[in-house]
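Dear colleague,

I am passing this structure on to you, since you have not worked with it before. My notes on what was found in it follow below.

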Amino acid sequence: MSVFSQLNSVIDEKGAAYVVLIDPDRKNENLLESRVESANESGVDALFVGGSLMMDMKCKERVKRIKDVSNIPVIFFPGGVGQLNAYYDAMLFMSVISGRNPHYLIGEQAIAAPIVKDIGMETIPTGYILMDGGAGSTVEFMSGTRPIPMNRSDIAVAHALAGQYLGMKLIYLEAGSGAKEPVANNVVEAVTETLDIPVIVGGGIRNAETASEKVKTGASIIVTGTVIEENSSLMSELADAIHWKN
Ligand code: 1GP
């Protein structure tokens, strides 16, 4: 079964899926295996692996280490084509559709596509929408795109719908890693009410209560990164809150 089908089965059965983001960067050098083991044991449905900025050359080596320990799907969440390698089970084939920077709309994708074909990796077409989470995110800087103001759910809906009509299979509503404020409930609600495809919500989600609000307002997949880097014991609690049908 494809990774995308597995995610959809989890969404059907449990109400929503829980994904932990692991940044394969230097800062996590000594914690990778323990974090993946915690995810294996805590009801996490998949790992996203990637980041906007790599501070050394060991990304590929770290992805292999993650894959060796993980018993859940390891999905590439691309910060850039430099992080592409054969150790992932699948990748979000992403375009920053909230932005107007052609390099992140189609440039990186065209560089990556022949390599992805050569590897034979599963691709999940994903429209990435950056919302303003109030923290001036790394992705805002690195992608050279402006986030959508959080009080403009209409703009978020228009971009999400355009992504759906372009054939995206998922929409990622992102407040940016370490956001002060996660994507607002009314934005999640407006987008998920309008769309027919599953919506991922991430950025600034720091506790089970917030995660629960996002799934109640329509999110199908919740991503947490920063809070797990600080305290991996929160994974079980977050998984329980997100799997609301259980
Ligand atoms: C970032 O949405 C993810 O792309 C996770 O954000 O690190 O704030 O949990 P946090």
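Leaving aside its neighbours within four places in sequence, which residues is Gln 83 in contact with? In this model, which is a predicted one, Gln 83 is in contact with Gly 50, Gly 51, Met 54, Cys 59, Phe 76, Phe 77, Pro 78 and Tyr 88, once those sequence neighbours are set aside. Gln 83 lies in the loop between strand 3 (74-76) and strand 4 (90-96), and because its relative accessibility is 7%, below the 20% under which a residue is called buried, it counts as buried. The side chain of Gln 83 also reaches the backbone nitrogen of Gly 79, at 3.3 Å.

Turning to the surface, Leu 53, Met 55, Phe 141 and Met 142 make a nonpolar patch of about 430 Å². Of these, Met 55 is found in the loop between strand 2 (46-49) and helix 3 (59-69), and its relative accessibility of 46% is the reason why Met 55 counts as partly exposed.

The last part concerns helix 6 (residues 153-165), whose 13 residues should span 18 Å at 1.5 Å a residue, and its end C-alpha atoms are indeed 18 Å apart, so the two values agree. The buried residues of helix 6 are Ser 153, Ala 156, Val 157, His 159, Ala 160, Gly 163 and Gln 164, and what covers them includes strand 5 (122-130), strand 6 (170-174) and helix 7 (185-194). Helix 6 is followed by Gly 167, which has a positive phi, near 100°.

With best wishes

Definitions and conventions:
Residues numbered from 1 in each chain as written. Predicted model: local features only at pLDDT ≥ 70, side-chain atom pairs only at ≥ 80, totals over all residues. Heavy atoms only, no water. Patch = residues over 30% accessible without salt bridge, like charges linked within 9 Å, V, L, I, M, F, W, Y side chains within 5 Å. Areas by Shrake-Rupley, 256 points an atom, 1.4 Å probe, with all protein chains shown as cover. Salt bridge = Lys/Arg side-chain N within 4 Å of Asp/Glu carboxyl O. Helix = DSSP H or I, 4+ residues; strand = E, 2+ residues; numbered from the N terminus. Buried < 20%, exposed > 50% of the residue type's maximum accessible area, 1.4 Å probe, protein only. Expected span 1.5 Å × (residues − 1). Contact = heavy atoms within 4.5 Å. Polar contact = N/O pair within 3.5 Å; in protein donor to acceptor, adjacent residues only side chain to side chain.
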